[in-house]
Amino acid sequence: MSLAGAYGYGYLPDLSHFDNIQLAARCTSYEQSTTLDIALALDCYITLLKRDSLSDAHRAIGIDGYNLAVNKLFRLRHTTDNLIQVNYSGPSELVLVSEIEALDARLSPKVFGELGGAAVARISNQAQNGRSLDLNYPLEGIYSPYSLQVESVALKGLRIHISLQAQHVAVPTEILVGNNTYTQRYSPAAAYLSLLQNADIHNFSWLGFINAQDAEKRMGVFSIGELSSVKTPIIMIHGLNSDPLIWRYLTMAIFNDEELSQHYQILHVYYPSGPPPFYNAMRVRNLLYKLNQRIASSEGASSSAVLIGHSMGGVIAKLISTHSDNTLWDTTFTEPPEALLAEGDEMLRDIFIFNPVYKENTVFFLDTPHRGSEIANSLIGSLGSSLITLPFSFKALFKNFIEKVGVSRLTAAMLPFLQNYGPDSVQVLRPDHPLMTALADIPVEGESYSIIGSTSTLYCQSETECAAITDSVVSYSSAYLPEAKDTTIVNSSHNSFKSTQAIEFILDKLR
């Protein structure tokens, strides 16, 4: 609706002689169709919100009218008017939540709180060279929830001056209007939706699979929302030929739950998925260590974490949450690490020998091939493997070490995979890969949950019934973990990250 101009002069009537019933009626009489009407309505609603002994009904009328006027005035902040002047202070890139449209109903953001204009601010995170200014936030920008509030409404000469201020609000925050307390409106979910609508990380799914070197610049662990030292991190790890946008439904569901959004810090991982998971897990662990060092100076830094991995991302999640001891090393080499490792071999050592990043871990495995996938052995798997170009740095790491210690130091089981200084991720996911077989028997340091996809039945009792279940990529027998605290089967064609049942299962455990 266009707002008509008004001629005359601004004025603010004395409303003190109205009782609460009369005042509420006066406020709602303003249609807010002109700039003066909006200003007078706002002044009236603020007066109502200040009143003592305010009934629930009148409180609701005041809140709704105030919020409507604030949103309208924010849109008019650049308008030249002879009756009112809107003075705005806050981020230059600010958008009202009411103007952010979710094309997918499952991504509709909730707004928490009562009073104000819920909004989202964006801060650029890209330097002139195209790199991130802050490596722990998405390159697309830092999107944060804000709340628009009225600082003052005052008559100056013949013009009404209204001061609007945008405040960063990421937790439930109270404000006083008169002697009454109200919670500010804000929406972490809308901030995430804004990021989604501007994200381009999906362009690096296929690129990261076939040519990791070219996708390397986007690798990282990215905070979705403001970094916190007191929240428990939820680390979401995508799988093969994928990217962090697969977590949009789960992430939105967490942000739309005010209690969960206050308790958990969401971190999305992107890594080029062509190289094997053991190599990528080493790199992700190092990124998490750096992130923990960044926030550890604050009191209450978390020593626990939730890891959620899909497909090969589940393998990486396990490699972040286990003690390897020498199990993986002994699977690969015929002599102990102290006999082969020297100065400069730290990176290779960290691939095979490591501790959990966090002391306490809760791990959700989605469609995870703990014992490999027959697809990796198929013609499709061979074709996919043939398309992968491994980074020079990865191949050089193994080439230099094997040339130094000699190929005879490789176990017979690992020789076929390492003699050409590989393997790639598809080759590692073969059911007979020795490292995958060894990893399957290493327990998570903490508790784990399994979400197993099925294209047919969602129940099985006998071994024969369960053996028939598959999501078309990973079989039940490969995805099943005997030590899991709970297991659920969901309708999924290897995409259980989309499943409402899977998401509810995770949310229930998080609560």
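Colleague: Which element gives the most to the lining of the largest cavity, and with how many residues?

Modeller: In this predicted model, helix H4 gives the most to that lining, with 3 residues. H4 spans 188-198, and both H4 and strand E8 (220-224) supply at least two residues of the lining of the largest cavity.

Colleague: What makes the space a cavity rather than a pocket?

Modeller: A cavity is a set of points where a 1.4 Å probe fits but cannot get out, whereas a pocket is an open set. By this rule the count comes to 4 cavities of 30 Å³ or more, and the largest of them holds about 160 Å³ of space.

Colleague: Which residues lie nearest the centre of the largest cavity, and how is its lining divided by class?

Modeller: Of the 14 residues that line the largest cavity, Pro 138, Glu 140, Ile 201, Phe 222 and Pro 244 lie nearest its centre. By class, the lining has 11 nonpolar, 1 polar and 2 charged residues. Glu 140 is among the residues nearest the centre, and Glu counts as charged, so Glu 140 belongs to the charged class.

Colleague: What is the volume of the second largest cavity, and what are the classes of its lining?

Modeller: The second largest cavity has a volume of about 90 Å³, and its lining consists of 12 nonpolar residues and 1 polar residue, with no charged ones. Nearest its centre, among 13 lining residues, are Pro 276, Phe 278, Phe 398, Pro 423 and Leu 435. Pro, Phe and Leu count as nonpolar, so these five residues fall in the nonpolar class. Two or more lining residues come from each of helix H9 (277-295), helix H13 (346-352) and helix H15 (392-405).

Colleague: Why is H1 called roughly antiparallel to H2?

Modeller: The axes of helix H1 (residues 20-29) and helix H2 (residues 35-50) come within 9 Å and cross at roughly 155 degrees. Angles over 145 degrees count as roughly antiparallel, and therefore the crossing of H1 and H2 earns that name. H1 passes H2 in a left-handed crossing.

Colleague: Which residues make the contact between H1 and H2?

Modeller: H1 brings Asn 20, Leu 23, Ala 24, Arg 26, Cys 27 and Thr 28 to the contact, while H2 brings Cys 44, Tyr 45, Thr 47 and Leu 48. By class, this contact has 6 nonpolar, 3 polar and 1 charged residues. Arg counts as charged, so Arg 26 is placed in the charged class.

Colleague: What is the volume of the largest pocket, and which element supplies the largest share of its lining?

Modeller: The largest pocket has a volume of about 560 Å³, and the largest share of its lining, 7 residues, comes from H9. Of the 23 residues that line the largest pocket, Leu 135, Lys 217, Met 219, Gly 220 and Leu 287 lie nearest its centre. The lining divides into 10 nonpolar, 6 polar and 7 charged residues. Gly 220 is assigned to the polar class, because Gly counts as polar by this rule.

Colleague: How do the lining residues of the second largest pocket divide by class?

Modeller: In the second largest pocket the lining residues divide into 12 nonpolar and 9 polar, with no charged residues. About 430 Å³ of space lies in the second largest pocket, and of its 21 lining residues the closest to the centre are Leu 240, Ile 375, Val 426, Val 473 and His 494. His is not listed as nonpolar or charged, and so His 494 counts as polar. Helix H14 (379-387) and helix H5 (205-210) each supply at least two lining residues, and H14 gives the most, with 5 residues.

Note on methods:
Residues are numbered from 1 along each chain as its sequence is written. This is a predicted model: local features need pLDDT of at least 70, side-chain atom pairs count only at pLDDT 80 or more; totals for chains, interfaces and linings use all residues. Side-chain values use heavy atoms; hydrogens and water are left out. Axes are lines fitted to C-alpha atoms, for helices over the stretch in contact, and angles run from 0 to 180 degrees between N-to-C directions. Helices (H or I, at least four residues) and strands (E, at least two) are DSSP runs, numbered from the N terminus. Angles under 35 degrees count as roughly parallel, over 145 as roughly antiparallel, 65 to 115 as roughly perpendicular and the rest as oblique. A crossing is left-handed if the near helix is turned anticlockwise from the far one by less than a right angle, and right-handed if clockwise. Contact means heavy atoms within 4.5 Å. On a 1 Å grid over the protein atoms alone, a cavity is a set of points where a 1.4 Å probe fits but cannot get out, and a pocket is an open set with protein on both sides within 12 Å along at least five of seven lines; lining residues have an atom within 4 Å of a point. Grid points are joined across faces, edges and corners, and a volume is the space filled by probe spheres set on the points.
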